[in-house]
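Please describe the contacts between the chains of this model, and then some of its helices and salt bridges.

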Amino acid sequence: MAELLQFVFSGLTVGAIYALVALGFTLIYNASDIINFTQGEFVMLGGMTTVFLSLAGVPLPLAALIAVIVTTAVGLALHRFAIAPARGASPVALIMITIGASIFLRGIAQIVFDKTFHSLPPLFSGGPIRFGGATILPQSLVVLAGAAVIVVVLWLFVDRTMLGKAVIATAANRLAARLIGVDTRRIVDFSFAVSAAVGAIAGILITPITLTSYDAGTLLALKGFAAAMLGGIGSALGAVVGGLLIGMIEALSAGYLSSSYKDAVAFVIILVVLVAMPQGLFGRVKVERV
Amino acid sequence: MSLRALLETRLLPAILVVAIVIILPLFFPSTYYYRIGALVFIFGLAVVGLNLLMGFAGQVSLGHAGFLGIGAYSVAIGPVYFGAPSWLCVFAGVMLSGAIAFAVGRPILRLKGHYLAIGTLGFGLLIAIVLTNEAGWTGGPDGMSVPGLTLFGWRAHGSDAWYWISGITFVGGFVLALNLMESPTGRALQAIHDSEIAALVLGIDVARKKLTVFIISAMYASVAGSFLALFNGLVTPEIAGFLRSIELVAMVVLGGMGSIFGSLVGAAVLVVLPQVLTVFHDYEQALLGLIVMVFMIFLRQGIVPSVAAVLAGWRK
Amino acid sequence: MRAMQHFTAAAAIGLCAVLGAGLPASAQIKIGSVLSYTGPASFLGDPEKKTLEMYVADINAKGGVNGKKLQLFIYDDGANPNNARTFATRLIEQDKIDAMVGGSTTGATLAMIPLFEEAKIPFISLAGAVQIIQPVRKWVFKTPHTDTMACEKIFADLKHRNLTHVALISGTGGFGKSMSAECHKVAGKAGITIVVEETYGPRDSDMTPQLTKIKNAVGVQAVVNPGFGQGPAIVTRNYRQLGIKMPLYQSHGVCSKQFIKLAGAAAEGVRLPCAALLIADKLPSNDPQKPVVVNYSREYQKKTGQAVSTFGGHAYDGLMILTGAMKRAKSADKAKVRDEIEKTKGYIGTGGIVNMSPTDHLGLDLSAFHMLEIKGGDWTLVPGT
């Protein structure tokens, strides 16, 4: 029993990380139909910038704040200088731009930072929490809480504020939104900025567990994208559930099947789910108008 | 025949490609260039196949390197464990890739858009994981060495030999793809790309056509993978990895989706560019990313279609 | 500021590349290097690149080798064997190098070996697997300790502590796979039984499922973790998190201060086999390696601002062995240099004391490894090893 519980805790830890990254994909997709592969680099920038600022002597909370601001600026710049000028390009071309941007950001990170691994101190010092014969790090709960808070904040934002409604309108039908006076370019700017900020916060929260380096973004983007699709792209709740599910499957596979194939099992299950439910677990069925 | 009519036949691109293959070596100062040329044709072959899938049928695949891997390991495992001659293993790889594409394609091609992307991504990753873990067959993460290709007693050895082998094969694949596009299947694919529903209404068996082109593109990639393994004398699981798949997609998009000729251009750009950028040492990656972005922003349909559009504009 | 320097350097290099094409070949000795300084092995390739650049500049400042300056050609393969082979072709056919020191990873090295063997160019590899020099190939040498040696050293220490049943938890990359295979091969002879085996991906963030299985397995007395990068640090943290009390052994892939920093308090009591370079200052003053390793550590730290790395040390040894051979051969002739490399005797390097022979193209024995234990956040030498 303790063994199963430990696997579950491991799954929650890893799943919460995927969930946070997946949320970033969802935000941008919702406002602009773009899958942003730079999301992984946003997470990396949040963690690495904080690390290097604090190595330079800046107190940790301030370093974290600056890191979020810097990453948000990078997100805005990405939209302004790379995505917006390519408006009207095919979806694949836009994805390729984000892939080019992620290579670019990784290249810059190599030069500005360094090529080795770094960590951050956890939010709560003190050992792991013991429960039922298994242990979980306090930071894992912090990451879970972070994901929950972000989902709730987003939901409130979309439900209670005008700006949130404008984002929904832009996502539903861009032309119609513009016709009723929504500045859609500002909205997409905003969604990139928020996604970058969420990514940076994710990076700062997960680094105490995952460690970080200039190329930490690639695998995180892959898993985050998978989680977002599994949950149904466009659904924040789906992103979180998708992330947690993938984390759980990986941990349980490592525990009960084979640690070498845990990633494979997760992907097989994703494929099976998608074939049975082609728009993901919580995705909206896309109505194709003829 | 008028110039315009000539430009619109299938003959011109084919002649152009043959000319390129033959004339290029005249400018090569050293064997190193033959290697680059061979790599361009090998990747170009895989890209032509992927272009049929992505550009013509409009189905995105982020796991196509998986088929590169199947082809590559076929020519590694076949001779070493089954004693089969390498050229036979190339065909075996093609058959195997086709079979796997058939099995996997049926369920996966029901997915659309980004979901298809994730489906194919998962497929590619699965292949890479199996290749990495089954060390007993595949040699594990450090891979295995590949015995060279021997055809009728002649040993294919060296960059210049492989330049000609891959060049000729590329021309073959190129012409085949052009013919496919002009055939009823090709027209059906273009109809599917424009609107699946309209194509369905017209009576086209959409699912079957998509599966056909998926299998064909898998076979192209398999040949390319086999050649790469035979040329390098070594194969590692990286050949089937996520980054390799992204590289292939980038070559398709950069060259021009839906342009067979663009496949060669895209492959050439992404093979040659890292060689050129080496002078920039630490800045190499950043520059590569920047160039990809700039290309996609300003030549968003890909190099060949954009250049063709500009030329057409001048003509007016 | 650094960016400006980089840019100027890049522009200068660009200019040199253009001009360099016109320089007569005899004016310089050309040394080629294909390293993985970007990509998943970049923390191997980066110190290697910095070390080679530093010491080539240093040697040139002191007059070069045999009166000729050294010209270094470095390319990045991103840990991709296909790229490694392309750059090896470029070095041989286009740049026309006289010798090669490089190959950060085993995969890249294996891809390049046939080319250097055929071109008859001496190749000193910086990668770990024993299969690079076993079977012995005429033109291929290497400087890093083999994974076999690491297993042997760890097993000897385990036997010494009367621990004979171990669990392996290894990274799925080439290094982890190769070392765990070697550990299986030497286990019987060392009197060790491998009871359980688990693996983890190089970028996984939580290994508690695998470690829980090990913890609950019957008969395990110690755990060995072949791997490099960040994985071992996370394994170590998880190990303490789960409260596992058995001894934990790491591999020579994490012989760096960074590992201690990342693993934190969890690293206390962990043992691993490392070269003398790591404990430069703690070596007894009569240790023959002391002057070399202290000097290299200090220089590297000064020039790069980063802590010394064993991988950089391997590059240093490779370059010194090569230039030493060139000096003894009094020429850069490839065949003569190869013969002299093979005759390297008593070379004191960062990795150990090297004595090569026609059947041993590595030249190190088990004494080149010291068993270290992490105490109080720092390395200590386990006595008698």
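Which residue caps the N-terminal end of α11(C)? Ser309(C) does, with a side-chain oxygen 3.0 Å from the backbone nitrogen of Phe311(C).

This is a predicted model, in which local features need pLDDT of at least 70, side-chain atom pairs count only at pLDDT 80 or more, and totals for chains, interfaces and linings use all residues. Residues are numbered from 1 along each chain as its sequence is written, chains are lettered from A and ligands numbered from 1 in the order in which they are written, and side-chain values use heavy atoms, with hydrogens and water left out.

**Helix α11 of chain C**

Helices (H or I, at least four residues) and strands (E, at least two) are DSSP runs, numbered from the N terminus. α11(C) covers residues 310-329. Its 20 residues reach 28 Å from the first C-alpha to the last, close to the 28 Å expected at 1.5 Å a residue. The expected span is 1.5 Å times one less than the number of residues. Of the 20 residues, 17 are buried. Buried means under 20% relative accessible area, exposed over 50%, partly exposed in between (1.4 Å probe, protein chains only). Just after the helix, Lys330(C) takes a positive phi of about 55 degrees.

**Chain B against chain A**

Contact means heavy atoms within 4.5 Å. Here 39 residues of chain B meet 49 residues of chain A. The buried area is about 3800 Å², and carbon and sulfur atoms give 79% of it. Buried area is the accessible area (1.4 Å probe) that two parts lose on being put together, summed over both. His114(B), Tyr115(B) and Ile118(B) supply 19% of the area that chain B buries against chain A, more than any other three residues.

The rule finds zero salt bridges across this interface. A salt bridge is a side-chain nitrogen of Lys or Arg within 4 Å of a carboxyl oxygen of Asp or Glu. On the side of chain B that touches chain A, α5, α6, α12 and α14 of chain B each give two or more residues. The largest share, 13 residues, comes from α6(B). That side divides into 29 nonpolar, six polar and four charged residues. Ala, Val, Leu, Ile, Met, Phe, Trp, Tyr, Cys and Pro count as nonpolar, Asp, Glu, Lys and Arg as charged, and the others, Gly among them, as polar.

**Chain A against chain C**

This contact takes 38 residues from chain A and 32 residues from chain C. About 2800 Å² is buried, with carbon and sulfur atoms giving 50%. Lys115(A), Phe117(A) and Leu211(A) supply 23% of the area that chain A buries against chain C, more than any other three residues. Three salt bridges cross the interface of chain A and chain C. α1(A) gives the most to the side of chain A that touches chain C, with seven residues. The residues of that side are 18 nonpolar, 14 polar and six charged.

α1(A) runs over residues 2-32, and its end C-alpha atoms lie 45 Å apart, in agreement with the span expected for 31 residues. It is mostly covered, with 26 of its 31 residues buried. Asp33(A) follows, with a positive phi near 65 degrees.

**Salt bridges**

Over all chains, the count comes to 25 salt bridges. Four of them are listed here.

| Residue pair | N to O distance |
|---|---|
| Asp204(C) and Lys262(A) | 2.6 Å |
| Asp263(A) and Lys223(A) | 3.5 Å |
| Lys185(C) and Glu182(C) | 3.0 Å |
| Arg338(C) and Asp339(C) | 2.9 Å |

In the last pair, Arg338(C) is buried at 5% relative accessible area. Asp339(C) is partly exposed at 34%. Salt bridges that share partners join Lys223(A), Glu250(A), Lys262(A), Asp263(A) and Asp204(C) into one network. Within that network, Lys223(A) is buried, with a relative accessible area of 4%.

Why are Lys185(C) and Glu182(C) separated by about one helical turn? Because they are three residues apart in helix α6 (residues 174-190) of chain C. Lys185(C) is exposed at 61% relative accessibility, whereas Glu182(C) is buried at 8%.

Conventions:
A polar contact is a pair of N or O atoms within 3.5 Å; within protein, one must be able to donate a hydrogen and the other to accept it, and residues adjacent in sequence count only if both atoms are side-chain atoms.
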